[in-house]
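Me: I'd like a close look at one part of this model, the nonpolar core. Can you walk me through what builds it and then work outwards from there?

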Amino acid sequence: MQAITVRDRDAGVAGMSLTDMPYPHAAENDVIVRVHAAGFTRGELDWPATWTDRAGRDRTPSVPGHELSGVVAELGYGTTGLSVGQRVFGLADWTRNGSLAEYVAVEARNLAPLPADIDHTVAAALPISGLTAWQGLFDHGHLTTGQTVLIHGAAGGVGSIAVQLAREAGARVIGTGRASDRDRALALGVDTFIDLQAEKLEHAGEVDVVLDVIGGDILDRSATLVRAGGTLVSIVMPPKVQPKDGRAVFFVVEPDRARLAELATRLRDGRLQPLVGAVRPLAEAPTAFAPGTRTPGKTIIRITQD
């Protein structure tokens, strides 16, 4: 099969190449998925798990990419809940070869059934952003109806999903971003938008939950906005500044089949829409990874046509 691989950590994006790789092995409770579309995170070449397995051993050449949508091609021993030929989407394992390949071995529990009327390119944009937004808002932030949430990067991959989920939950939403993000964020449903380049973050006032996707100074300053009993949630780094009378949480997204299924239901019902940007073929994945390229929506790699 063909896959995008990385071999040299120091080379970064320049070390990515389209390579012939062996067909993956389905371990116990695995499935082999024929990948139709895949998503990635630009920063994942800096993640230790891209280069080592769970025991810390070098596993290069490795295949990046962790979001996928495709069709089950093979079941590993003991695998239940899915069947050959079934459409699925979800997360590839962090410390194994990923989704920028024609086939990938994935733990079955990391995948959810994909309804026939959802396009693979749309589904591939949902797993990390959707699960991160859900877990950040509700599992860690405990956001409820009537509360106020501050969502940084409201027009980005995670932020845009978070805005839609928070609005559906009956929360008041304050979104941040650049001036060019304002119209998109307002269309998604934010009640108030703050341009971080021209307006003061402190104008947001007190909030019950902050969902941070930026880190650094913005994360530190956000802590002062959390009202008593509220929560500061970051997916970038552990907060160094604690809210005075609240909680601070850093987390890494976890696979969740049930939540993926709920996100797919919202997608079908028109209650949720990932922001899909450019769709590129597998051979162009290295270019899509290039730093400094800021495009609206999530870039998806199309690997196999339906």
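Reply: Sure, and keep in mind that this is a predicted model. The largest nonpolar core has 39 residues, and those touching the most other members are Phe89, Leu137, Val149, Leu165 and Ala166. Quite a few elements chip in with at least two residues each: strands S5 (87-91), S8 (148-151) and S11 (207-212), plus helices H1 (120-123), H2, H3, H4 (182-188) and H6 (257-269). H3 gives the most, with six residues.

Take Ala166 as a way in. Leaving aside residues up to four places away in sequence, Ala166 touches Leu137, Leu143, Val149, Ile151, Ala171 and Val173. There's also a second, separate core of 30 residues, which includes Ala3, Leu45, Ala101 and Ile301.

Back to H2, one of the elements feeding the largest core. This helix is mostly covered, with 11 of its 14 residues buried. Among them are Pro127, Ile128, Trp134 and Leu137. After H2 comes His142, which has a positive phi, near 55°.

H2 and H3 turn up again at the largest pocket, where H2 (127-140), H3 (157-168), strand S9 (172-177) and strand S15 (298-302) each supply at least two lining residues. That pocket has a volume of about 1,600 Å³. Its lining counts 43 residues, and Thr41, Arg42, Gly157, Val158 and Val213 are the closest to the centre. By type, the lining splits into 20 nonpolar, 16 polar and seven charged residues.

Now for the charged pairs. The whole structure has 20 salt bridges. In one of them, Arg268 pairs with Asp117, with the closest N and O atoms 3.1 Å apart. Arg268 sits in helix H6 and Asp117 in the loop between strand S7 (111-113) and H1, so the pair links parts of the chain 151 residues apart. Asp117 counts as exposed because its relative accessibility is 53%, and the cut-off is over 50%.

Another salt bridge joins the side chains of Arg302 and Asp119 at 3.6 Å, N to O. Here Arg302 is in strand S15 and Asp119 is in the loop between S7 and H1, 183 residues apart. Arg302 is buried, because its relative accessible area of 15% falls under 20%. Asp119 is partly exposed, at 31%.

Finally, H6 (257-269) and H3 (157-168) are worth a look for a network of salt bridges. Glu168, Arg259, Glu262, Arg266, Asp269 and Arg271 are linked in it.

Definitions and conventions: Residues numbered from 1 in each chain as written. Predicted model: local features only at pLDDT ≥ 70, side-chain atom pairs only at ≥ 80, totals over all residues. Heavy atoms only, no water. 1 Å grid on protein atoms, 1.4 Å probe; cavity = no way out; pocket = protein on both sides within 12 Å on 5 of 7 lines; lining within 4 Å. Points joined across faces, edges and corners; volume = space filled by probe spheres on them. Helix = DSSP H or I, 4+ residues; strand = E, 2+ residues; numbered from the N terminus. Nonpolar A, V, L, I, M, F, W, Y, C, P; charged D, E, K, R; others polar. Buried < 20%, exposed > 50% of the residue type's maximum accessible area, 1.4 Å probe, protein only. Core = buried A, V, L, I, M, F, W, Y, C linked by side-chain atoms within 4.5 Å. Contact = heavy atoms within 4.5 Å. Salt bridge = Lys/Arg side-chain N within 4 Å of Asp/Glu carboxyl O.
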